[in-house]
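Student: I've got a structure to go through and I'd like to know the reasoning behind the labels people put on it. Can we take it piece by piece?

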Amino acid sequence: RNDKFCALISDGMGSGREAALTSGTCALFIETMMKNGNSAPVTLKMLNAMIRARGIECPATIDLLELDLIRGCAKFYKSGAAPTFVRRSDDLYRIKSKTAPIGIIKTLDAERTTFDVKVGDIIVMISDGVVPADNECPWLYTMICADDFTDLSVSARSIAERARRQNAKSDDATVLIVKVTPRSLEETIS
């Protein structure tokens with residue numbers, strides 16, 4: 001729909017085929033459910049039950065951004081996910097939660113944070129391969145604050161490459177960047 005924008009990072013815990021299958025299943029399930037009008041909380045509860053019912057212990061992190069394009073309100077749903085950063089001019093906000101990945105416990109352990117966004121805000125979502133758990137990352141703060149974000153794919157690749165060089169442990173590094181821009185006149189007419 002034209003009133004919402006969603007972005008997701010899902011990271012299967014562990015490695016190999018099962019971890020990839022779990023994160024892919026999570027992404028497809030969330031996309032399908034939300035495209036069909038289900039709310040994020042209902043979708044995540046159903047996903048948690050489905051992952052647990054598989055009988056395979058392979059949970060996944062969920063970092064879901066739901067941006068209301070009419071009201072300018074962002075909802076961040078986090079279940080075991082790494083922090084998300086919002087840069088507004090010279091300010092940097094960190095959105096984090098202390099929750100378990102989806103599928104670990106019977107009841108959904110996800111936290112929702114609401115944040116009013118403004119035109120020009122930069123939202124940087126990352127996987128735990130970028131920032132190890134509970135680790136302050138001055139290099140990441142510096143990169144987010146210094147970048148002009150004219151090419152979001154270049155900025156995302158730069159952060160991922162720096163994470164690979166910084167971190168001793170080998171893990172996949174996913175970076176997703178969203179820039180809040182005004183709706184163009186062409187989009188409002190069509």
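Student: What is the strand order in the open sheet that has β1 in it, and which way do its strands pair?

Tutor: Bear in mind that this is a predicted model. The order is β1-β2-β3-β6, and the pairing is antiparallel.

Student: What makes β1 and β6 the edge strands there?

Tutor: Each of them, β1 (4-12) and β6 (111-116), pairs on one side only. As for the turn between neighbouring strands of this sheet, it averages 15°, direction ignored.

Student: How do you know that β3 and β6 are paired?

Tutor: Count the bridges: at least two are needed for a pair, and β3 (residues 73-79) and β6 share 6, in the antiparallel sense. One place to look is C73, whose bridge partner in β6 is D116.

Student: Which helices go with this sheet?

Tutor: α1 packs on it, touching β1 and β2, and its direction makes about 160° with that of β1. Then there's α2 (residues 40-53), which lies across β2 and β3 and runs at about 165° to β2.

Student: Why is S23 called buried?

Tutor: S23 sits in helix α1 (residues 17-35). Its relative accessible area is 15%, and buried means under 20%, so S23 is buried. Beyond its neighbours within four places in sequence, S23 is in contact with S10, D11 and G12.

Student: And T61, why does that one count as buried?

Tutor: T61 belongs to strand β2 (residues 60-68). With the limit at under 20%, a relative accessibility of 7% makes T61 buried. Leaving out neighbours within four places in sequence, its contacts include I9, S10, D11, M13 and P101.

Student: What about the sheet with β5 in it: what is its order, and which strands are at the edges?

Tutor: That's another open sheet of 4 strands, in the order β5-β4-β7-β8 with antiparallel pairing. β5 (91-95) and β8 (175-179) are the edge strands, as each pairs on one side only.

Student: How do you know that β4 pairs with both β5 and β7?

Tutor: Same bridge test, at least two. β4 and β5 have 5 bridges, antiparallel, while 4 bridges join β4 (residues 84-88) to β7 (residues 122-126), also antiparallel. For landmarks, V86 has Y93 as its bridge partner in β5, and R87 stands opposite I122 in β7.

Student: What is going on at S89, in the hairpin of β4 and β5?

Tutor: That hairpin has 2 residues between the strands, and S89 takes a positive phi near 55°.

Student: Where does helix α4 lie?

Tutor: Across β7 and β8: α4 (residues 152-166) runs at about 145° to β8.

Student: Why are α3 and α4 called roughly antiparallel?

Tutor: They pack at an angle of about 165°, with their axes 11 Å apart. Angles over 145 degrees count as roughly antiparallel, so that's the label α3 and α4 get. Their crossing is right-handed.

Student: Which residues make that contact, and how do they divide by type?

Tutor: On the α3 side it's W139, L140, M143 and I144, and on the α4 side S158, I159, R162, A163 and Q166. They divide into 6 nonpolar, 2 polar and 1 charged.

How values were computed: Residues numbered from 1 in each chain as written. Predicted model: local features only at pLDDT ≥ 70, side-chain atom pairs only at ≥ 80, totals over all residues. Heavy atoms only, no water. Contact = heavy atoms within 4.5 Å. Axes fitted to C-alpha atoms, helices over the stretch in contact; angles between N-to-C directions. Buried < 20%, exposed > 50% of the residue type's maximum accessible area, 1.4 Å probe, protein only. Parallel < 35°, antiparallel > 145°, perpendicular 65-115°, else oblique. Left-handed = near helix turned anticlockwise from the far one by under 90°. Nonpolar A, V, L, I, M, F, W, Y, C, P; charged D, E, K, R; others polar.
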